[in-house]
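This report asks what can be read from the model about a pocket, the residues around it and the helices that hold them. Please keep the sequence and structure in view while reading.

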Amino acid sequence: MEPHPTEEASELQASQAKSRSRGASIFSTVSLIVANLIPLYGAIFLGWAVFDLVVLYWLENVIIWFLNPVRMAFIPTSRPGFAEIFEKGFLIVFFLFHYGIFTVVHGVFVFSLFGDGHGGFKELPALLLGPLKWAFLALIASHFISFFFNFLGRQENRKTTVSKQMGAP
């Protein structure tokens, strides 16, 4: 007995979706590896100091501080209504405040423990425009690629809640 044409089309669509998902996952993984190889290259071949590396990975907190509320906003609600929207908005604002304070305090420790003690956060623009520029841009790209290809493309946003996402970082 031959399969029904709609069954064949459905199987073909499922196979194509699985292939696209696998390709997106590989692309996301490669971007993550490249983003982490740049600092390794900087440390080994360009003589980056420990301070440069610690600042770079502290900057990843800043990326997360920006991107996680966007992730939270893209999580569908189970029962759309004023209370659900208010709760989502409250949790996003709470995350921005709470994680923002964590990021600032963490940054103070990074700059006071590893910096030269003279510039503090004032050293950041010179680092971002200098040795850390490409590494920082690669980290940003990696996080956004993951957001678009995994969180939205592979529908990871449908497998979590706003509350869980708030605690994810």
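In this predicted model, helix α2, which runs over residues 50-73, gives the most to the lining of the largest pocket, with 4 residues. The space in that pocket comes to about 160 Å³, and its lining is made up of Ile64, Leu67, Asn68, Arg71, His143, Gln165, Ala168 and Pro169. Sorted by class, the lining residues divide as follows.

| Class in the lining of the largest pocket | Residues |
|---|---|
| Nonpolar | 4 residues |
| Polar | 3 residues |
| Charged | 1 residue |

Among the lining residues is Asn68, which belongs to helix α2. Is Asn68 buried or exposed? Its relative accessible area is 4%, which is under the 20% limit, and Asn68 therefore counts as buried. When neighbours within four places in sequence are left aside, Asn68 is in contact with Phe95, Gln165, Met166 and Pro169; of these partners, Gln165 and Pro169 also appear in the pocket lining.

His143, another residue of the lining, is one of the buried residues of helix α5, a group that also includes Ala135, Phe136, Leu139, Ser142, Ser146 and Phe147. Helix α5 covers residues 133-152, and its 20 residues reach 27 Å from the first C-alpha to the last, close to the 28 Å expected at 1.5 Å a residue. The helix nevertheless has a kink of about 25°, centred on Ser146, and Ser146 is itself buried.

Key
Residues numbered from 1 in each chain as written. Predicted model: local features only at pLDDT ≥ 70, side-chain atom pairs only at ≥ 80, totals over all residues. Heavy atoms only, no water. 1 Å grid on protein atoms, 1.4 Å probe; cavity = no way out; pocket = protein on both sides within 12 Å on 5 of 7 lines; lining within 4 Å. Points joined across faces, edges and corners; volume = space filled by probe spheres on them. Helix = DSSP H or I, 4+ residues; strand = E, 2+ residues; numbered from the N terminus. Nonpolar A, V, L, I, M, F, W, Y, C, P; charged D, E, K, R; others polar. Buried < 20%, exposed > 50% of the residue type's maximum accessible area, 1.4 Å probe, protein only. Contact = heavy atoms within 4.5 Å. Expected span 1.5 Å × (residues − 1). Bend = angle between axes of the 7 residues up to and from the residue.
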